[in-house]
Amino acid sequence: MQKQCNSVYVVALVASRVKSGLISKFHLQIMQKISQISREDSQENLPAIVQTSVNMKRRTVAGSTGIGFFVLAFGFIAIAFATPNWLVSDYRLPGQLERLGLWVHCFRSLPDVNDDSRRRFFVGCRWVYDPFTTGYDEIRGFLLPGFMIATQFFFTLSFIAMLISAIGVLVFVLCAGPDQKHFITLIRIIGYVILAGGICASIAVILFASLGNRNDWMPEHANNWFGWSFILACIGAVLALVTATLFLTEVHVQLRKRRYFKESQTKFEMMHASQ
């Protein structure tokens with residue numbers, strides 16, 4: 001009888017343990033399900049931040065397009081700065097001028113204006129500040145009138161501005177990101193420097209276009225015309241202004257995205273603080 005009671009007790013104990021284990025297992029499953037639902041609910045409450053993080057790209061379409069325009073503008077301005085084809089003479093006709101640029105003048109046979117006997121002629125290409133050719137420094141006032149010095153000055157400023165901007169654009173492309181504190185400041189500086197360079201280049205080409213082929217400067221001006229270097233300078237000036245506009249537009253877009261991100265983050269923190 002006692003053995004029978006013990007057997008019943010053991011069976012009841014085992015049954016309770018099994019039942020307890022099943023309940024614990026069932027309880028664990030319920031807790032896991034609740035945790036999963038809670039996580040899904042939290043993720044549903046995070047769309048603004050998650051979406052904003054996805055949209056906070058390094059640059060927008062305006063920035064990417066600005067980089068492409070900058071490469072073209074910088075290339076055209078650099079080539080125009082270095083090449084001697086701002087004003088060229090008709091190669092089919094005999095004449096004294098061959099071509100000239102900002103820093104180099106090429107002559108077929110230019111008589112020395114200070115030589116009354118007309119025995120000294122300048123032939124070939126020379127740097128405008130050449131200190132070695134006899135008598136070349138004496139005609140520098142003729143080679144570089146006031147408008148030409150102003151053209152050199154403003155276009156040099158433009159070239160320097162584009163060089164400085166090139167460093168900034170490299171940092172913008174390779175290193176900077178929207179999560180960095182001075183990202184927008186960097187883009188703004190690039191935009192304004194390029195804008196200054198475009199304005200200086202525009203002043204330079206306007207001066208040269210107005211006075212570069214006048215009849216009291218280079219001989220036989222009727223046979224001279226503006227060369228491809230000057231055309232590249234004009235295109236580069238326009239592209240620089242377009243590039244500046246695109247970078248300043250990028251500043252505006254990044255400011256709006258950062259403001260939206262902060263508003264979304266504030267809403268999320270307030271929502272979870274109230275729970």
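**An open antiparallel sheet and its disulfide**

Five strands, in the order β4-β3-β2-β1-β5, form an open sheet with antiparallel pairing. Strands here are DSSP runs of E with at least two residues, and helices are runs of H or I with at least four residues, both numbered from the N terminus. Two strands pair if DSSP finds at least two bridges between them. Strands of a sheet pair through backbone hydrogen bonds, either parallel or antiparallel. The edges are occupied by β4 and β5 (224–226), each of which has a single partner strand, so one side of each is left without a neighbour in the sheet. On average, neighbouring strands of this sheet are turned by 20 degrees against each other, direction ignored; the axes are lines fitted to C-alpha atoms, and angles run from 0 to 180 degrees between N-to-C directions.

This is a predicted model, in which local features need pLDDT of at least 70 and side-chain atom pairs count only at pLDDT 80 or more, while totals for chains, interfaces and linings use all residues. Residues are numbered from 1 along each chain as its sequence is written, and side-chain values use heavy atoms, with hydrogens and water left out.

The antiparallel strands β3 and β4 are joined by 6 bridges. Within this pairing, Cys125 in β4 is the bridge partner of Cys106. The structure holds 1 disulfide (a pair of cysteine sulfur atoms within 2.5 Å). This disulfide joins Cys106 to Cys125, with an S to S distance of 1.9 Å. The pair links distant parts of the chain, 19 residues apart: Cys106 lies in strand β3 (residues 104–111) and Cys125 in strand β4 (residues 121–127). The disulfide is right-handed because the torsion about the S-S bond of Cys106 and Cys125 is about 110 degrees.

Accessibility is classed as buried (under 20% relative accessible area), exposed (over 50%) or partly exposed (in between), using a 1.4 Å probe and protein chains only. Cys106 is buried at 0%, whereas Cys125 is partly exposed at 42%. Cys200 is buried at 15%, and Cys234 is partly exposed at 27%.

Helix α5 (residues 146–174) contains Ser165. Ser165 is buried, with a relative accessible area of 2%. Leaving aside residues up to four places away in sequence, Ser165 touches Phe70, Ile190, Val193 and Ile194, where a contact means heavy atoms within 4.5 Å.

Confidence is expressed as pLDDT, the predictor's confidence in each residue, from 0 to 100. The chain averages a pLDDT of 78, and 69% of the residues score at least 70. Over residues 1–15 the pLDDT is below 50, and this stretch has 0 contacts beyond near neighbours in sequence. Residues 41–55 also stay under 50, yet the model has 16 contacts for them beyond four places in sequence.
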